[in-house]
Amino acid sequence: MAEKDVIIGLEVHVQLNKLNSKLFCGCSTDYHDSPPNTHTCPVCLGLPGTLPVVNKRAVEYAIRVALALNCAIQGETLFYRKNYYYPDLPKAFQITQYDFPLGLGGSILIKGEDGEERRIRITRVHMEEDPGRLVHAGTIDRAKYSMVDYNRCGMALLEVVTEPDLRSPKEARSFLDKLRNILEYLDVFDGNLEGAMRIDSNISLVGGERAEVKNISSHKGVEKALAYEITRQRSARRRGVAQVQETRHYDELRGITVTIRTKEEAHDYRYFPEPDLVPMRIADWVPRVEAKLPELPDAKRERFVAEYGIADDHAKSLTSEIRVANFYEVVAERAPPRLAAAWIADVLKGELNYRDVTIERFSPDQMVVILDLIEGGKITEKGAVEVIRTILDGPGETTEADPAAIVATKGLSRVEDDAVMAAVRAAVEESSQAVADYRAGNEKAINFIVGVVMKKTRGRADPGEANRLVREALEGAGRA
Amino acid sequence: MLRMLKERLEAGASAEEEVSALFSKINKSRLNAYNVLSEEAALERAREYDRSPWGGLLAGVPIAIKSSISTKGIETNCSSRILTGYIPPYDATVIERLKEEGAIIIGKTNMDEFAMGTSTETSCFGPTKNPWDADRVPGGSSGGSAAAVAAGEAPCALGSDTGGSIRCPASFCGIVGLKPTYGLVSRYGLVSYANSLEQIGPLTLSVEDAALVLDVIAGHDPRDSTSARSEGGYFARIEGGVDGLTLGVPQEYFGEGVDPLVEKAVWDAISKLEGLGASWKKVSLPHTRYALAAYYIIAMSEASSNLARFDGLRYGLRLGADQDWHTTFSDIRAAGFGPEVKRRILLGTYALSAGYYGRYYLKALKVRTLIKQDFERALSAGGADLLVTPTMPFPAFRIGERIEDPLSLYMADVFTVPINLAGVPAISVPCGFADGLPIGLQIIGRHFDEAAVLRAAKAYEGATPYHEAVPKEVV
């Protein structure tokens with residue numbers, strides 16, 4: 001729930017993981033399934049004598065994001081060194097932006113707790129390189145040794161920093177969902193890869209000191225950590241415990257945050273302009289990048305409502321993932337758009353979420369066939385859901401599965417009308433007691449007769465339909 | 001000299017004989033000019049050349065490389081304990097270019113640790129000795145390269161110059177040393193000391209040789225963002241003399257602190273150039289007195305950041321027992337760096353730290369801009385074409401004489417560091433002797449006008465005998 005005294009700001013590290021090469025060298029970025037330290041070169045390992053060279057496409061992607069977040073793009077931008085020691089940082093400094101970041105002063109629209117649209121301001125968007133990764137032998141505090149994997153080292157990151165405009169953990173999550181949504185639309189980001197988005201969140205209660213919860217890797221984790229922090233900070237205040245400004249770690253397993261350092265130990269990063277990189281004039285690039293910007297979620301949603309005549313909620317659900325939106329558009333070309341919207345937004349997405357799989361597991365062709373069967377009355381709604389589940393639970397190339405064949409093998413087709421009628425007549429004849437009860441005013445007695453119909457059709461009849469037909473038969477017989 | 005060696009090789013002399021003659025000289029030498037030799041590989045390469053000679057500007061020519069320039073497969077230790085045993089898996093761009101033009105790398109030369117020094121005394125391998133007087137320093141930090149070339153232990157060498165590190169040892173050892181315009185030669189592969197100041201350049205016995213090596217190593221490199229396009233063809237444009245050129249003589253570079261013998265030699269050189277058709281006039285570089293302070297702040301600041309990567313985790317020095325990572329890092333750094341390097345890291349860290357950045361580093365950058373403007377003004381159209389100064393205020397001093405007094409060593413760089421701050425090219429050529437020790441003449445040019453610098457140096461060299469003198473350690 002929105003709480004007036006909660007102040008939340010986020011720093012989101014976004015990996016531009018759809019680039020082919022790293023930010024300052026030509027190393028491949030496709031490292032996720034590779035053995036440690038196989039995607040490295042003298043430059044990203046920071047070997048003595050090596051020099052960084054900026055990946056122009058990374059800058060272009062960064063401009064794309066900054067524009068989509070409504071930032072003002074700086075005409076000239078500059079890299080700095082942020083100096084600190086850590087085993088995963090081979091140069092002992094990170095090349096990042098400090099003064100003169102790429103983008104300043106943007107915003108994102110989210111739906112607030114009260115259902116109203118809220119504008120969350122973005123302070124800045126800047127580029128930096130990712131460090132490597134430590135793998136501890138055991139837990140972080142008890143490990144005998146740690147290993148370093150530099151595959152991630154030098155990946156292009158964008159840091160998106162918000163103003164402290166968020167008022168609740170849920171709003172923070174909405175913001176992150178929306179940001180991810182926009183990034184995927186821009187085709188610069190795949191949120192499904194490990195470490196694609198890492199979030200530092202700052203939270204305080206009005207009048208209190210701020211805690212920074214570092215390095216959370218899921219949107220759900222951010223929501224939980226913030227909820228925990230609110231409770232912790234409130235209870236500390238109630239008990240009169242003085243709060244200090246500090247950095248905390250979110251322990252995902254225990255669902256709590258723990259302190260890692262207080263402000264007195266704050267680092268002095270000794271920022272200074274990176275002498276190996278000259279300032280970049282990017283003013284001239286911006287119009288070119290702007291011209292190529294794709295349709296963004298909000299615009300697409302409005303277009304879906306206008307173009308397909310679908311409900312706003314459906315449009316919102318369909319556009320919350322670019323791949324679902326594209327899927328929908330393909331289907332809506334060949335099937336009734338409103339029917340398609342309901343089935344994709346309400347049913348298919350639910351089944352995908354339940355199985356934690358992406359829309360790629362289903363093909364628009366399959367959806368079109370299913371909608372066709374529903375429209376033609378060939379299968380019941382229950383049958384259609386069953387077809388979708390069967391496809392998703394199937395092995396291998398599920399997008400190859402033929403819905404019509406599944407209907408046939410699983411006997412899901414709505415049985416012919418005369419077969420149902422025959423079963424209804426037989427059932428009425430056989431169930432004299434129930435018929436009598438019904439006529440005597442016991443409405444529930446009809447269920448027994450419908451049950452017999454279902455049994456006789458071995459469940460292929462639609463229960464609602466059977467109910468209607470039994471009722472008709474009984475009333476007809478009564479009138480006769 | 002390079003050109004004579006090339007002619008000998010082209011006429012059929014054996015590269016193997018040339019190279020093995022060098023090694024027998026090096027192995028007998030007591031100068032300590034090298035810290036790593038690549039004898040086997042060099043001889044093998046020479047034999048290959050003899051079997052089927054290849055072409056190229058430096059075909060079959062042996063060359064010595066300062067230990068701060070990365071060579072694939074050959075230890076590159078920067079004369080520091082912390083990098084001993086480090087063998088780079090890649091070649092610096094200049095090394096690639098030398099190899100493409102057929103050169104043979106014979107070894108890595110001794111230097112001040114991480115190029116920090118003016119005397120090659122801060123090397124963890126001990127000081128290199130001056131071939132003119134083994135009790136004296138060869139200058140620094142490319143002292144090994146200069147001593148090797150002066151003593152005939154290499155026909156040419158590469159050095160690097162951050163605040164005079166090519167020109168100073170060239171001056172002390174009586175040879176030619178060229179610091180190119182910042183950006184003319186790729187720094188890719190040069191172990192950084194102070195990125196925004198340093199350049200790789202040649203140390204040679206003649207100006208012609210310097211031009212030849214520059215032709216090989218200059219030119220744009222996509223791996224170095226600060227690298228510029230080069231017009232090249234320096235060797236081809238070396239003739240032409242100084243007739244009609246105006247030389248500027250900066251008043252701040254003469255007088256107090258300058259050895260009278262040095263001053264006299266430089267004035268004699270100016271007269272000589274006048275006799276060759278140049279005219280001269282006094283000019284002023286008013287911010288010269290701030291140059292040393294600005295230089296040391298910038299260089300130390302950058303160094304403190306550049307040298308932070310040496311922690312023993314991935315390469316270089318490793319001590320016995322590993323503890324938690326910060327203790328391990330600090331133990332290795334404490335044991336691996338010498339006192340001068342530690343001093344500069346600490347001062348640089350201080351200068352960049354919160355609260356002092358604006359007072360020191362930013363201020364130094366502003367001074368740097370003023371100094372750059374001084375040079376642009378003095379060398380503007382209608383002003384001087386070239387500037388002429390002493391390279392060093394005095395000849396080579398004795399080993400141990402100044403090492404305990406860092407400040408007096410820093411002062412020795414007073415005529416060389418402004419050139420690095422401004423980024424302009426400068427050469428040091430021999431212009432006489434003071435009590436048997438060489439004196440260097442510094443000729444400074446406009447940005448990317450190496451051609452004019454080399455032409456004037458060549459004209460002067462052609463009219464004087466100093467470059468032909470042979471140091472006594474060699475005789």
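User: How much surface does chain A expose, and what share of it do carbon and sulfur atoms supply?

Analyst: In this predicted model, chain A exposes about 22700 Å², and carbon and sulfur atoms supply 49% of that area. For chain B the accessible surface comes to about 16000 Å², with 53% belonging to carbon and sulfur atoms.

User: What makes a residue of chain A count as buried, and what percentage of its 480 residues do so?

Analyst: The criterion is a relative accessible area under 20%. By that criterion, buried residues make up 51% of the 480 residues in chain A. In chain B, 63% of the 475 residues count as buried.

User: Why is the radius of gyration of chain B said to agree with that of a compact globule?

Analyst: The globule rule is 2.2 Å times the number of residues to the power 0.38. For 475 residues this gives a value near 23 Å; chain B has 21 Å, and therefore agrees with the rule. The C-alpha atoms of chain B fill a box of roughly 70 × 65 × 45 Å along the principal axes.

User: How does chain A stand against the value for a compact globule of 480 residues?

Analyst: Such a globule would have a radius of gyration near 23 Å, but chain A has 29 Å. Along its principal axes, the C-alpha atoms of chain A fill a box of roughly 100 × 55 × 50 Å.

User: How many helices and strands does each chain have?

Analyst: Chain A has 15 helices and 16 strands. Chain B has 15 helices and eleven strands.

User: What share of the contacts in each chain joins residues at least 24 apart in sequence?

Analyst: A contact requires heavy atoms within 4.5 Å. Among contacts between residues at least 6 apart, the share is 68% in chain A. The corresponding share in chain B is 75%.

User: How far apart are the centres of positive and negative charge in each chain?

Analyst: In chain A, the mean positions of 66 positive and 75 negative charges are 3 Å apart. Chain B has 47 positive and 56 negative side chains, whose centres lie 4 Å apart.

User: How do you know that chain B is in contact with chain A, and which residues of chain B supply the most buried area?

Analyst: Under the cut-off of heavy atoms within 4.5 Å, 37 residues of chain B are in contact with 32 residues of chain A. The area buried between the two chains is about 2800 Å², of which carbon and sulfur atoms give 60%. Ser225(B), Arg309(B) and Trp325(B) supply 21% of the area that chain B buries against chain A, more than any other three residues.

Key:
Residues numbered from 1 in each chain as written. Chains lettered and ligands numbered in written order. Predicted model: local features only at pLDDT ≥ 70, side-chain atom pairs only at ≥ 80, totals over all residues. Heavy atoms only, no water. Helix = DSSP H or I, 4+ residues; strand = E, 2+ residues; numbered from the N terminus. Buried < 20%, exposed > 50% of the residue type's maximum accessible area, 1.4 Å probe, protein only. Areas by Shrake-Rupley, 256 points an atom, 1.4 Å probe, with all protein chains shown as cover. Lys, Arg positive; Asp, Glu negative; His and termini not counted. Charge placed at Lys NZ, Arg CZ, Asp CG, Glu CD. Buried area = accessible area lost by both parts, 1.4 Å probe.
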